[in-house]
Amino acid sequence: MRFVTLLALLPLSVNAASTLDPSTHQHDHSVEADSNISIGAMASVSVFSKGAVESDQLWRIPGALMGGHATPVGKGARVDHAALWGQYKISPKWDIQAKLAAHDEGTGELSPELQHLQFNFKPHHKVLMSVGRMSSESTPSLSHHQGSVAFNEATLMADTLFGRHVHDAGVRINTQLNQYLDIGIEAWNGDFFPASKGEGAQDIYVKINKDWQDWNIKTGAWAMQSQAVSRGDDRYNNSGHSHTTATSTTPVDVLFTGDTKLNGVWGDIGRSNAKGLTVGMQYEAAVSKSTGSLADSTRKAGYSNQYSSYAITPYLDYKKIQVSYRTERLDLNNTVMGGGANIIATEANLKNSRSPKRDTVQASWRLTPSLSTSVAYTRDKTLTEKAESRMSVGLQWHDVLYKH
């Protein structure tokens, strides 16, 4: 069954974070009601028994055009993400948020950047307008960082469809229609995968958060369109933007020009009892369709694709302990047309007859309100049909350092 059919049949999907997660949208640091200034910090460290590929190999999923920040996990320890954030309430209607972050994306070194700098304005108590550099609110996968979600690895969906995470200059208008329902629209500069800088991207989303008897239901749906001109794989071919160490082979820089349309659903449904036990399931699914052309230095071919992905995560949360199981899959279909189609398809690593899969079992413990740790076992069939196994240990810390 195609995943697009799955999208139509399942109204709920998974939030990338879990109930043990410090916050489902870690980038959204709101000033507390009694505070005008808040300053906080977070950090995430992980250790892997084995990398997704060897240190001198490329991580290119067969059948997928990739880019952005989608780099493989490596053997050993690394600081996944570290950040210092702050928010200042200028007036009851105005506030400003900023976030300085550093992350290791394959180089073994931390690369600091001003990840967020946004102004928020409330012209009405149910309307919030934001402008600046920020993350998308449309779906949890667009704001992935290991420090802000429960699992030590990003989903295949986030890596393939979005280049792992999105931080870009843009404008957002969010309207709270009632106590359960939010709707929003966003417009972006396009400095993120699958768009290209200056070409733009736009999205619309709807979110529902409702308690019903002993159940808590969070769900949402979204749609995005993006434009790209001569978009390559920045991970390996752009020396000014590359996040990876030198590899033995540099791939041919195949450039995509065209439009990409994405849509998806997500959600988290859980039931809690008075003894502190929560049983739930999370689900996220998305479809991406691109049309345009592919070109290398001498050839050009017509191109279209349809990528579909899902991640399903049942979980059991008891007091300070959570056990969860995440299963995920990609369905990758590409069509390359024209005289140079065969060569370009080979150069772009688009020849593929299988669906990548990955399964992860993870146990997490909340050691203190600010500190948690996790142990995970992953069985990975992303690159080949033969399963590769690895263990990982993660440590996540987050806290509010100052408020006034």
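Q: What makes the pair Lys 381 and Glu 385 a salt bridge?
A: This is a predicted model, and in it the closest N and O atoms of Lys 381 and Glu 385 are 3.9 Å apart. The cut-off is 4 Å between a side-chain nitrogen of Lys or Arg and a carboxyl oxygen of Asp or Glu. The value of 3.9 Å is within 4 Å, so the pair counts as a salt bridge.

Q: Why are Lys 381 and Glu 385 called partly exposed?
A: Lys 381 has a relative accessible area of 27%, and Glu 385 has one of 46%. Partly exposed is the class between buried, under 20%, and exposed, over 50%. Both values fall in between, so both residues get this label.

Q: How do you know that Arg 299 and Asp 296 meet in a salt bridge?
A: Their side chains are 2.9 Å apart, N to O. That is within the 4 Å cut-off, so the name applies.

Q: Is Asp 296 buried or exposed, and what value decides the matter?
A: Asp 296 has a relative accessible area of 12%. Buried means under 20%, so Asp 296 is buried. Its partner Arg 299 stands at 31% and is therefore partly exposed.

Q: What makes Glu 137 and Lys 207 a salt bridge?
A: The closest N and O atoms of Glu 137 and Lys 207 are 3.1 Å apart, which is within 4 Å. Glu 137 lies in the loop between β5 and α2 and Lys 207 in strand β8, so the salt bridge ties together parts that are 70 residues apart in sequence. Both Glu 137 and Lys 207 are buried.

Q: How many salt bridges does a search of the whole structure find?
A: The search finds 17 salt bridges.

Q: Which residues are linked in a network of salt bridges?
A: The network links Glu 153, Arg 326, Glu 328, Arg 358, Asp 380 and Arg 390.

Q: How do you know that β1 and β2 pair?
A: Two strands pair if there are at least two bridges between them. Strand β1, residues 37–48, and strand β2, residues 76–89, share 12 bridges in the antiparallel sense. The 12 bridges satisfy the requirement of at least two, so the strands count as paired. One position to look at is Phe 48, which stands opposite Gly 76 in β2.

Q: What makes β2 and β3 a pair?
A: There are 8 bridges between β2 and strand β3, residues 94–103, and the sense is antiparallel. The requirement is at least two bridges, so this pair also qualifies. Tyr 88 has Ile 96 in β3 as its bridge partner. A hairpin of 4 residues joins β2 to β3.

Q: Why is Leu 156 called buried?
A: Leu 156 has a relative accessible area of 0%. Buried means under 20%, so the label fits. Leu 156 is in helix α2. The C-alpha atom of Leu 156 is 8.3 Å from that of Ala 311, although the two residues are 155 apart along the chain.

Q: Which residues have the most contacts inside the largest nonpolar core?
A: They are Trp 59, Ile 61, Leu 65, Trp 222, Leu 294, Tyr 307 and Leu 350, in a core of 41 residues. Helix α2 gives the most to this core, with 4 residues. In soluble globular proteins, nonpolar side chains tend to be buried together.

Q: How much space lies in the largest cavity?
A: The largest cavity holds about 180 Å³. Its lining has 17 residues, and those closest to its centre are Arg 60, Leu 65, Met 66, Asp 233 and Val 254. The lining divides into 8 nonpolar, 3 polar and 6 charged residues. The structure has 11 cavities of 30 Å³ or more.

Q: Why does Gln 213 count as exposed?
A: Its relative accessibility is 68%. Exposed means over 50%, so Gln 213 is exposed. Gln 213 lies in the loop between β8 and β9 and has a positive phi of about 55°, although it is not a glycine.

Q: Why does Ser 230 count as partly exposed?
A: Ser 230 has a relative accessibility of 44%. That is not over 50% and not under 20%, so Ser 230 is in the class in between. Ser 230 is found in strand β9, and its phi is positive, near 50°.

Q: Which residues does a cis peptide bond join?
A: A cis peptide bond joins Phe 193 and Pro 194, with omega about 15°. Pro 194 is in the loop between β7 and β8.

Methods: Residues numbered from 1 in each chain as written. Predicted model: local features only at pLDDT ≥ 70, side-chain atom pairs only at ≥ 80, totals over all residues. Heavy atoms only, no water. Buried < 20%, exposed > 50% of the residue type's maximum accessible area, 1.4 Å probe, protein only. Core = buried A, V, L, I, M, F, W, Y, C linked by side-chain atoms within 4.5 Å. 1 Å grid on protein atoms, 1.4 Å probe; cavity = no way out; pocket = protein on both sides within 12 Å on 5 of 7 lines; lining within 4 Å. Points joined across faces, edges and corners; volume = space filled by probe spheres on them. Nonpolar A, V, L, I, M, F, W, Y, C, P; charged D, E, K, R; others polar.
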